[in-house]
Amino acid sequence: MRLYVETHIRADIETIWERTQVPAHHERWDLRFTEIDYLPRAPGEPQRFRYATRVLPFLTVAGTGISAGERHRSSGERVSALRFASPQRLSLLAEGSGYWRYVPTADGVRFLTGYDYRPRWGRFGAVADRTVFRPLMGWATAWSFDRLRLWCERGISPGRSLGYAIADLTARVLAVATAVVCTAMVWAVHPSYVPAMSAAAYLTLALAAVALLAPPSPRTPAARRCRRTPPAPTAAPALLTTLEHA
């Protein structure tokens, strides 16, 4: 699998399972989905679903998928797998597959995912995916996993954590903007005084570095808290091979 994200959640496995497997909960914390709806199914059949993602205020891409889960393994681990596809030409993502693993630990659960997909739009799509879309998907997955962790561990709802994230980003942008404005004012007042101009430039760089590198608040979701590479070679669960294409 080309994309991998892992977090450690200090909560019971039932809570994590419910908030990742129930569509009404899942769509609250996962940036990658705006809507998830389960379709009717017969007992024992894999679950089919529809999903939608709002890319822009006026643009939504949608698709369908099929998933299955295993809750009762002798090791205590749980796993779910899915295949998904979008018929919309506007969607860069054509089809893909992935899995979630829930691995119990002494103080919580290792929650991890591995997934991959096939982009469309030919050579342009391949370049856009490699340089922009795939890194963005990896970041969005990691940020969402940390958002889920805060919900399960600390009771911070996805809506509240989004508010904290917006406030955090606003503060960082304002810090950089203030430094830039102060530098411009110094240069305007002392255009030929090199020491003052240099000091202002260094201050701008220092404030920008602090704004970009300062750790986020413990209440704010952050992709950097998640592991982005597997600790050892991993393979998709056998459950994935039992699913037909979406």
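**Exercise 1. State the order of the secondary-structure elements along the chain, and describe the overall dimensions and burial.**

*Solution.* From the N terminus, the order of elements is β-α-α-β-β-β-β-β-β-α-α-α. The model under study is a predicted one. Its chain holds five helices and seven strands. Along the principal axes, the C-alpha atoms occupy a box of roughly 80 × 45 × 35 Å. The chain has 246 residues, 42% of which count as buried. The accessible surface amounts to about 13,700 Å², and carbon and sulfur atoms supply 63% of that area. Among contacts with a separation of 6 or more, 60% link residues 24 or more positions apart.

**Exercise 2. Determine which parts of the chain the salt bridge between Asp-116 and Arg-134 ties together, and classify the accessibility of both partners.**

*Solution.* Begin with the geometry: the closest N and O atoms of Asp-116 and Arg-134 are 2.9 Å apart. Next, place the partners: Asp-116 belongs to strand β7 and Arg-134 to helix α3, so the pair ties together parts 18 residues apart in sequence. Then apply the cut-off for burial, which is under 20% relative accessible area. Asp-116, at 21%, is partly exposed, whereas Arg-134, at 15%, is buried.

**Exercise 3. Carry out the analysis for the salt bridge between Arg-225 and Asp-146, and relate Asp-146 to Pro-221.**

*Solution.* The closest N and O atoms of Arg-225 and Asp-146 are 2.5 Å apart. Arg-225 lies in the segment after α5 and Asp-146 in helix α3, so this pair ties together parts 79 residues apart in sequence. Arg-225 is partly exposed at 32% relative accessible area, while Asp-146 is buried at 0%.

Now consider Pro-221, which is likewise in the segment after α5 (194-213). Pro-221 is buried, with a relative accessible area of 4%. Beyond its neighbours within four places in sequence, the contacts of Pro-221 include Asp-146, as well as Trp-143, Arg-147 and Leu-150. Ser-161 and Ala-165 are also among the contacts of Pro-221.

**Exercise 4. Locate the salt bridge between Arg-149 and Glu-153, and name the residues of the salt-bridge network.**

*Solution.* Arg-149 and Glu-153 form a salt bridge whose closest N and O atoms are 2.9 Å apart. Both residues lie in helix α3, four residues apart, which is about one turn of the helix. Arg-149 is buried at 12% relative accessibility, and Glu-153 is partly exposed at 25%. Salt bridges with shared partners also join Glu-70, Arg-73, Glu-77 and Arg-101 into one network. The structure holds 15 salt bridges.

**Exercise 5. Explain what is notable about the phi angle of Trp-121, and state where this residue lies.**

*Solution.* Most residues other than glycine have a negative phi. Trp-121, a residue other than glycine, has a positive phi near 75°. Trp-121 is found in the loop between β7 (108-119) and α3. Its relative accessible area of 35% makes Trp-121 partly exposed.

**Exercise 6. Identify the residues of the nonpolar surface patch, and characterise Leu-136 and Val-176.**

*Solution.* Leu-31, Leu-136 and Trp-139 make a nonpolar surface patch of about 280 Å². Of these, Leu-136 is placed in helix α3 (residues 122-154) and is partly exposed at 48% relative accessible area. Val-176 lies in helix α4 (residues 158-189) and is partly exposed at 27%. Not counting residues up to four places away in sequence, Val-176 touches Ala-208 and Ala-211. Val-176 and Trp-151 are 25 residues apart in sequence, with their C-alpha atoms 30 Å apart.

Methods: Residues are numbered from 1 along each chain as its sequence is written. This is a predicted model: local features need pLDDT of at least 70, side-chain atom pairs count only at pLDDT 80 or more; totals for chains, interfaces and linings use all residues. Side-chain values use heavy atoms; hydrogens and water are left out. Helices (H or I, at least four residues) and strands (E, at least two) are DSSP runs, numbered from the N terminus. Buried means under 20% relative accessible area, exposed over 50%, partly exposed in between (1.4 Å probe, protein chains only). Contact means heavy atoms within 4.5 Å. Accessible areas come from the Shrake-Rupley method with a 1.4 Å probe; for residues, only the protein chains shown count as cover. Patches are made of residues with over 30% relative accessible area and no salt bridge: like charges are joined within 9 Å, nonpolar side chains (Val, Leu, Ile, Met, Phe, Trp, Tyr) within 5 Å. A salt bridge is a side-chain nitrogen of Lys or Arg within 4 Å of a carboxyl oxygen of Asp or Glu.
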